[in-house]
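Subject: Structure handover, pockets

Hello,

Here is the structure for your files. Please look it over before reading the notes underneath.

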Amino acid sequence: MKDLFSNIVDQKNLRNVQAMTLQKIADTVANTAGPYGSNTIILGDPLQGKSDIYTKDGHKTLLHIDFFNPLEKSIQSQLVEITEYIVKTVGDGTTSTVLMCNSVFKAITEYIENHPEVPTFEIVRSLDSCIEGLKKRIKKHGRDVTTDDIYDICMISTNGNTEVSRQIADIYEQFGTNVYINVGTSN
């Protein structure tokens with residue numbers, strides 16, 4: 001019988017691609033993590049008038065990773081959606097989010113491999129229950145953000161740039177904490 005070529009991917013190969021892609025992305029954005037993280041250079045195209053960009057932002061780094069196969073692109077696209085949500089609702093933490101996605105995926109796939117008798121829907125149900133419990137605990141111990149908090153976060157995100165951090169904190173002071181600021185660079 002002849003080999004058939006299709007776009008169908010069996011579960012084992014899918015899990016392998018997912019694991020490798022998540023790990024590659026996590027390894028790449030991990031360099032930007034925290035106050036001592038490195039800047040990542042994103043090469044521009046001088047022929048199109050685009051300069052090189054230096055960033056510590058996990059989301060921006062993620063956006064500029066190029067995958068050429070559809071499965072890898074799909075995984076990256078899902079992470080981009082997740083990190084865009086984090087950017088809009090939290091403002092920071094995209095690198096941590098990517099690293100956590102990779103860790104959770106590893107833990108779940110390892111559990112599934114070691115416990116094939118447990119139906120997948122039970123694992124999903126347990127995970128949902130854990131997430132709800134964590135959300136309740138976080139809300140119970142949470143507090144409203146202050147402009148001092150915003151300033152501190154900006155200082156981490158900008159590698160200690162007091163001028164930019166003060167300007168962003170002042171915007172939040174003036175317009176409230178529900179404002180969304182998209183910061184970029186220009187000439």
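The notes below cover two pockets in this model, which is predicted.

Largest pocket

The largest pocket holds about 1,600 Å³ of space. Its lining is made up of 49 residues, and those closest to the centre are D57, G91, D92, I153 and S157. Several elements contribute: at least two lining residues each come from β2 (53-55), α2 (58-63), α3 (70-89), α4 (94-114), α6 (147-157) and α7 (162-175). The largest share belongs to α6, with 5 residues. Sorted by class, the lining of the largest pocket has 22 polar, 19 nonpolar and 8 charged residues.

Second largest pocket

For the second largest pocket the volume is about 1,200 Å³. There are 26 residues in its lining, and M100, V104, I108, L127 and I131 are the ones nearest the centre. Here α1 (11-30), α4 and α5 (120-141) each provide at least two lining residues. Of these helices, α5 gives the largest share, 10 residues. The class split for the second largest pocket is 14 nonpolar, 6 polar and 6 charged.

Where to look

One element to check in both places is α4: it supplies at least two residues to the lining of the largest pocket, and at least two to that of the second largest pocket. If you open the model, D57, G91, D92, I153 and S157 mark the centre of the largest pocket, while M100, V104, I108, L127 and I131 do so for the second largest pocket.

Regards

Note on methods
Residues are numbered from 1 along each chain as its sequence is written. This is a predicted model: local features need pLDDT of at least 70, side-chain atom pairs count only at pLDDT 80 or more; totals for chains, interfaces and linings use all residues. Side-chain values use heavy atoms; hydrogens and water are left out. On a 1 Å grid over the protein atoms alone, a cavity is a set of points where a 1.4 Å probe fits but cannot get out, and a pocket is an open set with protein on both sides within 12 Å along at least five of seven lines; lining residues have an atom within 4 Å of a point. Grid points are joined across faces, edges and corners, and a volume is the space filled by probe spheres set on the points. Helices (H or I, at least four residues) and strands (E, at least two) are DSSP runs, numbered from the N terminus. Ala, Val, Leu, Ile, Met, Phe, Trp, Tyr, Cys and Pro count as nonpolar, Asp, Glu, Lys and Arg as charged, and the others, Gly among them, as polar.
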